[in-house]
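Subject: Structure for you, with notes

Hello,

Here is the structure I promised to hand over. Please open it alongside this email. My notes follow below.

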Amino acid sequence: MERMTGAELTIRLLERQGITCIAGIPGGANLPLYDALSHSLRIQHVLARHEQGAGFIAQGIARSSGRPAVFFATSGPGATNTLTALADAKMDSIPIICITGQVSRPMIGTDAFQEVDIYGMSVPVTKHNYLARTAEELLHIIPEAFSIASSGRPGPVLIDIPKDVQTAKLEIAELPPPGMPKAPIAPDPALIRQAAELINAAERPLLLLGGGTNHPDTAALALTLMEKCGIPATMSLHGLGVVPLEHPLSLGMLGMHGARYTNMLLEECDLLIVVGARFGDRSTGRMDRFCLNAKVIHVDTDAGEVGKLREVEAGIIADACLTLQSLLPFLSMRRREPWLDRVACLKATHGMAVKDTGNPCSPYGIIRCAASLTDSPVIITTDVGQHQMRVAQVFPFTRTRQWLTSGGLGTMGFGLPAAIGAALQHPEATVLCFSGDGSLLMNIQELATAAEQQANVKVILCNNNGLGLVQQQQELFFGGRIFASEYTHAVDFLSIAKGFGIPALNLNLSGNPEKDLENALRRKGPCLVEVGIHAEDKVFPMVPPGAANIEMIGGEHHA
């Protein structure tokens, strides 16, 4: 028998789950957890400057590794500050565990200092949540939380632990085994044969690969299917990297800011094979005008997504990797030359229109130049806005889990803390964080965390002194009335970065911007590189809100 407190048990169970890094902020209600954590020889603690930042650091760890990550927060405002990071993880299917301290049980419901019902508040933004009522309950809560977070469609789990539960003593004869993902769902053999018949009969099939395929084994199977059957693939925002951008069968990203030829090909295909993607509105445009001439095969581990927005000919509720594995033996080898010739023709005539890519002080040039100057391995994070869409359009992604971005929730402030998490998880990698001035200001305090950890994060700040994507929509769809989206005060980001102890430079003031960029990217540790971007530089092409994908505007000149 071993005697320990609830807090000590929590740390022991997290160690058994393989957790080696926890981001968080201590406060009165979670100090017993922190005291127990201080004795751990296996877990590093990262002191974030905001609980939302801690949540996104955990997301950076989870997104880049594919395994659950953990963050801590205290009660009250500490707990409420976690909600955006949890909602973001719920929308993008990211396995994170948030452990919050709570006031002692006798004080719950009394409006005690720093008391909020985070259990109730977090229900809509988590996959599951717990309020631990006894220390003994932690023996099953913590392993179960990890199993739930990583099984099926992954997602966030919250565990709220009252302070007296943390300090309660208990006798433990044996610790439970770590919580593991449940066995993946195998596909129905009859549906596999039906899907194979549809694919073999199709003349103009396309694959749509989403975040559910963002795993090395699944990506390898998808590529095998593409090459065996002569089927091109487009990716959702979270599918980028599953197929290397430069692969001849890659169509890049579809939807609102995808290439014009990609959306045109989707209108011409006769079979759309959707794997691990939901029919998000930014991908499909007007759903009632999306791929009207195509039959649909939809593979997703979440039964709620299959048939939710689009009727399908074959709905396979199963693990993407197992489905592709089962499907491949039934597929005929096909070259489909007429279809691939059509793909090549549209690529040539309606390709992505980008300019000035050799100039590191241009909107697309900074992305291309940074890519060419960064040694592998490299991980990319972004915030949300024009810079995010430009990176999605042109960065030469080559592998899964290389691209970390906030998709479903579109959270400004995501990029920097997520980059810190990725850098902590992969210390051998260079992490490029593309951000805008509006986004960076949302969680700029995490520059202190980056400096303290000496995280190898390179913040590439595309500064147009405003909310660029908001301004773009105001100019195009609101009569050019720019309101509440243009900053009248210019922030001195270089001085701010240096105040946090981070080297910084402005490429617009450099005599040799490419060389200075190279030096900044190859120097170990964090740095900030600022590039001034003209507010009138829009990101095209673009599907207007509420329009069909085929009604894209802008980007008429061809690459």
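Start with one pair of residues. Asp300 stands opposite Ile317 in S14. Asp300 belongs to strand S13, residues 295-300. Four bridges join S13 to S14, and the two strands run parallel. Bear in mind throughout that this is a predicted model.

**First sheet**

S13 and S14 are part of an open sheet of six strands. The order is S11-S10-S9-S12-S13-S14, and the pairing is parallel. Which strands stand at the edges? They are S11 and S14, the latter spanning 314-317. Each has a single partner strand, so one side of each is left without a neighbour in the sheet. On average, neighbouring strands here are turned by 15 degrees against each other, direction ignored.

**Second largest pocket**

Edge strand S11 (250-253) also matters for a pocket lining. The pocket is the second largest, with a volume of about 440 Å³. It is lined by 23 residues. Those closest to its centre are Leu245, Tyr261, Met352, Arg368 and Gln393.

Which element gives the largest share of the lining? It is S11, with four residues. Helix H11 (260-268) and helix H16 (386-394) are also contributors, and each of these three elements supplies at least two residues. By class, the lining has eleven nonpolar, nine polar and three charged residues.

**Helix pairs**

H11 turns up again in a helix pair. Its partner is helix H14, residues 337-349. The axes of H11 and H14 come within 9 Å and cross at roughly 150 degrees. Angles over 145 degrees count as roughly antiparallel, so that is how H11 lies to H14. The crossing of H11 and H14 is right-handed.

A second pair is made by helix H17 (residues 415-425) and helix H19 (residues 446-453). Are H17 and H19 roughly parallel or roughly antiparallel to each other? They pack at an angle of about 20 degrees, with their axes 9 Å apart. The cut-off for roughly parallel is under 35 degrees, and H17 and H19 are therefore roughly parallel. The crossing of H17 and H19 is left-handed.

**Second sheet**

Six strands form another open sheet, in the order S16-S15-S17-S18-S20-S19. Here too the pairing is parallel. The edges are held by strand S16 (403-404) and strand S19 (504-506). Each of them has a single partner strand, so one side of S16 and one side of S19 lack a neighbour in the sheet.

How many bridges pair S19 with S20? There are three, in the parallel sense. One to look up is at Ala504, whose bridge partner in S20 is Leu528.

**Two backbone points**

Two spots in the backbone deserve a look.

- The peptide bond from Phe540 to Pro541 is cis, with omega near -5 degrees. Pro541 sits in the segment after strand S20, which covers 527-532.
- Gln114 is not a glycine, yet it has a positive phi of about 55 degrees. You will find Gln114 in the loop between strand S5 (96-102) and helix H6 (118-121).

**Where to click**

For a quick tour, begin at Asp300 and Ile317. Go on to Leu245 and Tyr261, two of the residues closest to the centre of the second largest pocket. Then view Ala504 with its bridge partner Leu528. Finish at the cis peptide bond from Phe540 to Pro541.

Best wishes

Conventions: Residues are numbered from 1 along each chain as its sequence is written. This is a predicted model: local features need pLDDT of at least 70, side-chain atom pairs count only at pLDDT 80 or more; totals for chains, interfaces and linings use all residues. Side-chain values use heavy atoms; hydrogens and water are left out. On a 1 Å grid over the protein atoms alone, a cavity is a set of points where a 1.4 Å probe fits but cannot get out, and a pocket is an open set with protein on both sides within 12 Å along at least five of seven lines; lining residues have an atom within 4 Å of a point. Grid points are joined across faces, edges and corners, and a volume is the space filled by probe spheres set on the points. Ala, Val, Leu, Ile, Met, Phe, Trp, Tyr, Cys and Pro count as nonpolar, Asp, Glu, Lys and Arg as charged, and the others, Gly among them, as polar. Two strands pair if DSSP finds at least two bridges between them. Axes are lines fitted to C-alpha atoms, for helices over the stretch in contact, and angles run from 0 to 180 degrees between N-to-C directions. Angles under 35 degrees count as roughly parallel, over 145 as roughly antiparallel, 65 to 115 as roughly perpendicular and the rest as oblique. A crossing is left-handed if the near helix is turned anticlockwise from the far one by less than a right angle, and right-handed if clockwise.
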